[in-house]
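Please look over the model shown below before reading the notes that accompany it.

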Amino acid sequence: MRRIAVEEAFVTADVIKGWESALVRADVEPGFAKMGANTLAPTAGNKWVHDRLLDLGADRLVNMDRDGIDVHVLSLTAPGVQVLRDANLATRLAAEANDVLAEATKRHPTRFAGLGAVAPQDPVAAAKEIERCSGKLGLNGLVINSHTNGEYLDHPKYHPLFEAAEAADMAIYLHPREPAPSLVGPFLDYGLYFAIYGFAVETALHSMRLIMSGTFDRFPKLKIVLGHMGEGLPFWLQRIDNRYLLQVKVGATKKLPRLPSEYFLDNFLITTAGVTSMPALRLSLDVVGTDKIMFAADYPYEDVGAAVRFLDEAKITEEERRKIYQDNATRIFKLKV
Ligand code: MN
């Protein structure tokens, strides 16, 4: 059995430059401004994170070997190109990052696979980039770092993007970032906008918007991957169905062909990224099942050794362990390694 980790981050120098240009904008997003001040600027005393993110070679492989990770399924780290206002720049930076990623996977085909970044700012160009990721670049899926300039993907203008993802049979990893400007206000205190809690609220909300908007009726084969044990949603599903039914009855919510939980169970997969809690894994196994959970370590942000120890020692069956570490990722991302 090989340990495949599916939410492993990288960045390019040009994407960092793009963030820097977004950070100095007069109308910079409040959450991103805080994030930038605390973590993104290479001057902020976290040079080692940038060095690890920028490296797609020897140092990363040494760290993977040390932690017992066989494969990184790489993705452009948050907030990716999602903070860029200029659609052409966002589209170009995503494509260039995908070139860098594809090249790394060709250099180390047994160690790296990759999720292509897309810029929803130009949905038609994003659809073309998805075709390129699936065809010429041979990438394994897609990543979108939640909201794009405050907009969520349930808006009909993003349909071309989902059409292309569905046609290419590429799962979209919906990765967290700071809550959208319309949501972030109360999260700005106490560091709540960050991964402690705001990331999960943002990404779970985004997922619920996709479900409640009927996106999966239009795109029934669309697959969304959520990190962090499903951003809390597996815990909520029964309650969501319960209140959905009441709200339909009183006219507060439009009736969908299926229950919210049915879309979640059919169209979503989750990963363990950053979670080493047995109760959370147990609940997730009970709710979403053994075939819908993948291992992720969230390199370089998390303690990868601790994530490996957790899953190695978790009181689950060996079949469950093999599916979570290897089989599910191989199937969902069509890994050839
Ligand atoms: Mn991550």
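The report that follows deals with several helices and one serine.

This is a predicted model, in which local features need pLDDT of at least 70, side-chain atom pairs count only at pLDDT 80 or more, and totals for chains, interfaces and linings use all residues. Residues are numbered from 1 along each chain as its sequence is written, and side-chain values use heavy atoms, with hydrogens and water left out.

Helices (H or I, at least four residues) and strands (E, at least two) are DSSP runs, numbered from the N terminus. The table lists the helices discussed.

| Helix | Residues |
|---|---|
| α5 | 87–107 |
| α8 | 198–212 |
| α14 | 304–313 |
| α15 | 318–332 |

The 21 residues of α5 should span 30 Å at 1.5 Å a residue, and its end C-alpha atoms are indeed 30 Å apart; the expected span is 1.5 Å times one less than the number of residues. At the start of α5, a side-chain oxygen of aspartate 86 lies within 2.9 Å of the backbone nitrogen of asparagine 88. Among the buried residues of α5 (under 20% relative accessible area, 1.4 Å probe, protein chains only) are Leu93, Asn98, Leu101 and Thr105, and the buried residues of this helix pack against β1, α1, β2, β3 and α6.

Serine 207, found in α8, is buried with a relative accessible area of 0%, and touches Leu174, Leu226, Leu233 and Phe268 (heavy atoms within 4.5 Å), not counting residues up to four places away in sequence.

The axes of α14 and α15 come within 9 Å and cross at roughly 145°, the axes being lines fitted to C-alpha atoms over the stretch in contact, with angles from 0 to 180 degrees between N-to-C directions. Val308, Leu311, Asp312 and Glu313 of α14 meet Arg321, Ile324 and Tyr325 of α15.

Note on methods: Buried means under 20% relative accessible area, exposed over 50%, partly exposed in between (1.4 Å probe, protein chains only). A polar contact is a pair of N or O atoms within 3.5 Å; within protein, one must be able to donate a hydrogen and the other to accept it, and residues adjacent in sequence count only if both atoms are side-chain atoms.
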